[in-house]
Amino acid sequence: MQTKLLAVKTVRKEDEGIMAAAELLKAGGLVAIPTETVYGLAANALDGRAVRRIFAAKGRPQDNPLIVHIAKRETLESLVTKVPPSAVTLADRFWPGPLTMILPKAACIPDEVSAGLDTVAVRFPSHLVARAIIDASGLPLAAPSANTSGRPSPTRAEHVLHDLDGRIDAVVDGGACGVGVESTVVSLAGGCPRLLRPGGITYEQLQAAVGPVEMDPAVTHALAKNAVAASPGMKYQHYSPKARVVILKGSGEDYIRYVNDHKQEGTVALCFDEDAASLQVPAVPFGSQTDAEEQAQRLFDALRRIDGMGASLAFARCPDQTGVGLAVFNRLIRAAAFEVVEL
């Protein structure tokens, strides 16, 4: 298969690149599209056969549910059986944007999308190119991250091509993603809203909008053995470069001392900008220690750079676990397979 690289000149659905992407999707194809979070590998969410192609292209386990992307808020009602008041409140506050809501699914949602669960995850992205493609196709689109399963998510078109060239029909180049980590996922299918995956919409923002929100233990810890993943991103190891990643938890001074004391061939430091000058190993900064949004935007690109350096071990600076920092920690802890050293 030859993977086409589609350019977009405008965000109108009549744009040549957007129309080409929409036609491929309507024909059951796979198209990687930009969103504000990461690039998504899109297929017709109502076509189980097309969705199965996503799992094959990514090498993704089929017990991992997908997120359905829409371009109009009113589409939600056709995909679910119930829209509770909390969903209306969150949609009013955060849609379009990097928030996914899990709700009881309608009959039109194939089991391939929901991994056999009785719920479906839905999001209304803010990225104008993504919305134009969804609108032009006339379809809700199932779209997990457009990468090889388990690898760092793609935030640029070249990341997608590195992983999936020759395995999907096309990539729409929309430039770098602004948020840089996948959407926040909150389940509204039970009683109290439950945070399953942190992202650009923070735990604190959710609580301010709807009151008490439970945090699933899998946000900061490994998913319990034999537990069912109710959301993407809950698996044990995810977002991983080829190098072994070890998180170092402590002060900046302790981090620098530990890295310099344990340097060896093939070691790099996945660090904050402020650390780089003091380190005696190659530094891969992923943002300022005071800017969690920048850390989120740069993290996956930094993890991919580590692979490009041929590193075998990366000592990662542990981010703060509040606000967007919780999303950064959530991705890093899985990239490290939960290997943490307390300094």
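## Helix H10 against helix H11

Contact here means heavy atoms within 4.5 Å. In this predicted model, that criterion brings Ala292, Gln295, Ala296, Leu299, Phe300 and Leu303 of helix H10 together with Gly325, Val328, Arg331, Leu332 and Ala335 of helix H11. The residues of this contact divide into 8 nonpolar, 2 polar and 1 charged.

Helix H10 spans residues 292-308 and helix H11 spans residues 325-335, and the two pack at an angle of about 25° with their axes 8 Å apart. Because angles under 35 degrees count as roughly parallel, H10 is described as roughly parallel to H11. The crossing in which H10 passes H11 is left-handed.

## Helix H1 against helix H6

Helix H1, residues 16-26, packs on helix H6, residues 128-137, at an angle of about 50°, and their axes lie 8 Å apart. That angle makes H1 oblique to H6, and the crossing of H1 past H6 is right-handed.

On the H1 side the contact is made by Ile18, Ala21, Ala22, Leu25 and Lys26, while H6 contributes Ala132, Ile133, Ala136 and Ser137. Sorted by character, the residues of this contact comprise 7 nonpolar, 1 polar and 1 charged.

## The buried face of H1

Which residues of H1 are buried? They are Gly17, Ile18, Ala21, Ala22 and Leu25, and, seen down the axis of H1, they fall within an arc of 135°, so they line one face of the helix. As background to such a pattern, an α-helix has 3.6 residues a turn, so residues three or four places apart point the same way.

Among the buried residues of H1, Ile18, Ala21, Ala22 and Leu25 also take part in the contact with H6. H6 is nevertheless just one part of the cover over the buried residues of H1, which also includes strand E1 (4-7), strand E2 (31-33), strand E3 (40-44), strand E7 (141-142) and strand E8 (170-173).

## The surroundings and end of H6

In H6, the buried residues are Val129, Ala130, Ala132, Ile133, Ile134 and Ser137, and among these Ala132, Ile133 and Ser137 belong to the contact with H1 as well. What covers the buried residues of H6 includes H1 together with E2, strand E4 (67-69), E7 and E8. Strands E2, E7 and E8 are therefore listed in the cover of the buried residues of both H1 and H6, under a contact limit of heavy atoms within 4.5 Å.

Following H6 comes Gly138, whose phi is positive, near 70°.

How values were computed: Residues numbered from 1 in each chain as written. Predicted model: local features only at pLDDT ≥ 70, side-chain atom pairs only at ≥ 80, totals over all residues. Heavy atoms only, no water. Axes fitted to C-alpha atoms, helices over the stretch in contact; angles between N-to-C directions. Helix = DSSP H or I, 4+ residues; strand = E, 2+ residues; numbered from the N terminus. Parallel < 35°, antiparallel > 145°, perpendicular 65-115°, else oblique. Left-handed = near helix turned anticlockwise from the far one by under 90°. Nonpolar A, V, L, I, M, F, W, Y, C, P; charged D, E, K, R; others polar. Buried < 20%, exposed > 50% of the residue type's maximum accessible area, 1.4 Å probe, protein only. Arc of directions from axis to C-beta.
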